[in-house]
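Colleague: I have the model open and I'd like to go through the labels. Can you tell me what stands behind each one?

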Amino acid sequence: MGARWAAIIVSISLLIAVLAAAANVALWFDRQMLNSSNFAEGVTEALQTEETRDAIADVAVGKAVEAVPLIGFFEDPLRDLVVVVLDSPALDSTNVAVAGSIHRVLVTGEQSPITLSLIAVKDALLGPIADAAPTLVDQIPDDFFDAVEIIEAGALPSLAFWADIGPWVGALAAALAVFLAAVLLVLSPYRAWSLVAIGLASFVAVGLSYAAVPLGRSFAESQVSGELATIITTASYDILARSLVDQTRILIVLGVVLTAVGAVWLAVTYTTSAREA
């Protein structure tokens with residue numbers, strides 16, 4: 001194989017790898033970030049992690065102390081109790097509502113505070129305070145548990161632009177990758193080598209896709225403000241990104257198959273040429 005065709009095959013294969021990785025990430029973005037059901041499933045799981053519950057408890061108890069300073073005498077045990085009740089099945093629907101609110105802000109760009117309703121666990125939270133200091137309970141505003149603000153307006157970024165173009169970018173990248181692979185196999189005089197190169201390109205796409213996971217996490221973290229918003233964002237991203245890792249295995253299988261077929265093709269070609277010689 002001449003140097004010219006070798007350079008062409010390598011160049012096109014690398015372009016196919018980049019396009020395949022872009023299509024893979026775009027597909028994940030569409031399925032996990034834009035799909036409200038999948039997004040909510042990931043975020044609700046993130047809301048139930050210990051780190052997130054600790055951070056939410058700090059915010060909720062802090063606001064309670066602001067409203068009624070004397071509650072500060074019960075701050076530590078109340079905080080521990082909030083951490084426990086946040087993992088209660090009674091808040092499952094509330095967590096789904098929070099996830100829905102976060103998704104709406106991200107996808108539409110319409111900034112609004114994210115609130116958490118604690119109505120379902122109000123009695124459990126007030127019980128210890130009522131037992132120790134009944135008069136304190138009466139000082140807590142009636143609507144305090146309706147909507148505790150956990151993320152302020154403007155703390156989350158807008159993904160509206162990417163929501164509009166993401167699916168198209170993924171489809172276009174996938175179509176171009178397939179088109180270039182087909183052109184290379186049809187026009188190249190070294191088809192077996194081209195098939196091997198395309199197979200190896202799949203492994204390059206795998207590496208690029210895996211590299212996108214920590215890069216995406218850093219980018220997501222840089223786009224939010226506030227400690228609690230950052231904790232929820234990174235915890236949610238880590239959970240949602242698991243599907244990208246799983247999804248990328250398809251490229252591994254594709255790479256193995258294409259490389260193996262190409263290698264067999266090469267072996268047959270050289271064996272036949274040797275016999276004819």
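Modeller: Sure, and keep in mind that this is a predicted model. Let's begin with helix 4 (residues 75-85), where Leu-78, Val-82, Val-83 and Val-85 are buried.

Colleague: What do the buried residues of helix 4 pack against?

Modeller: They pack against helix 3 (50-67) and helix 6 (122-132).

Colleague: Asp-80 lies in helix 4 too. What makes Asp-80 count as partly exposed?

Modeller: Its relative accessibility is 45%. Buried would need a value under 20% and exposed one over 50%, so Asp-80 falls in between and is called partly exposed. As for where Asp-80 sits, Asp-58 is 22 residues away in sequence, and the two C-alpha atoms are 9.5 Å apart in space.

Colleague: Now helix 3. How do you know that its length is close to what is expected?

Modeller: Helix 3 has 18 residues, and its first and last C-alpha atoms are 26 Å apart, against an expected 26 Å at 1.5 Å a residue.

Colleague: And which residues of helix 3 are buried?

Modeller: Thr-52, Arg-53, Ala-55, Ile-56, Ala-57, Ala-60, Val-61 and Ala-64. As background, an α-helix has 3.6 residues a turn, so residues three or four places apart point the same way.

Colleague: On to the helix pairs. Why are helix 1 and helix 8 called roughly antiparallel?

Modeller: The axes of helix 1 (residues 3-34) and helix 8 (residues 160-187) cross at roughly 150° and come within 8 Å. The cut-off for roughly antiparallel is over 145 degrees, so helix 1 and helix 8 get that label. Their contact involves 23 nonpolar, 3 polar and 1 charged residues. The crossing of helix 1 and helix 8 is left-handed.

Colleague: What makes helix 2 oblique to helix 5?

Modeller: Again it comes from the angle: the axes of helix 2 (residues 36-47) and helix 5 (residues 92-108) come within 8 Å and cross at roughly 125°. That is above the 65 to 115 range for roughly perpendicular but not over 145, so helix 2 is oblique to helix 5. From helix 2, the contact takes in Ser-36, Phe-39, Ala-40, Val-43, Thr-44 and Leu-47, while helix 5 brings Asn-95, Val-96, Val-98, Ala-99, Ile-102, His-103 and Leu-106. By type, the residues where helix 2 touches helix 5 are 9 nonpolar, 4 polar and no charged. This crossing of helix 2 and helix 5 is right-handed.

Colleague: Why are helix 1 and helix 2 called roughly perpendicular?

Modeller: Their axes come within 5 Å and cross at roughly 70°. Since 65 to 115 degrees counts as roughly perpendicular, helix 1 and helix 2 qualify. Arg-31, Gln-32, Met-33 and Leu-34 of helix 1 meet Ser-36, Asn-38 and Phe-39 of helix 2. That contact has 3 nonpolar, 3 polar and 1 charged residues.

Colleague: How do you know that Ser-202 is buried?

Modeller: Ser-202, found in helix 9 (residues 191-222), has a relative accessible area of 6%. Buried means under 20%, so Ser-202 is buried. Beyond its neighbours within four places in sequence, Ser-202 is in contact with Leu-251, Leu-254, Gly-255 and Leu-258.

Colleague: And what makes Thr-269 partly exposed?

Modeller: Thr-269, in helix 10 (residues 227-276), has a relative accessible area of 35%. With buried under 20% and exposed over 50%, Thr-269 is therefore partly exposed. Thr-269 and Ala-192 are 8.3 Å apart in space, C-alpha to C-alpha, though 77 residues apart in sequence.

Note on methods
Residues numbered from 1 in each chain as written. Predicted model: local features only at pLDDT ≥ 70, side-chain atom pairs only at ≥ 80, totals over all residues. Heavy atoms only, no water. Buried < 20%, exposed > 50% of the residue type's maximum accessible area, 1.4 Å probe, protein only. Helix = DSSP H or I, 4+ residues; strand = E, 2+ residues; numbered from the N terminus. Contact = heavy atoms within 4.5 Å. Axes fitted to C-alpha atoms, helices over the stretch in contact; angles between N-to-C directions. Parallel < 35°, antiparallel > 145°, perpendicular 65-115°, else oblique. Left-handed = near helix turned anticlockwise from the far one by under 90°. Nonpolar A, V, L, I, M, F, W, Y, C, P; charged D, E, K, R; others polar. Expected span 1.5 Å × (residues − 1).
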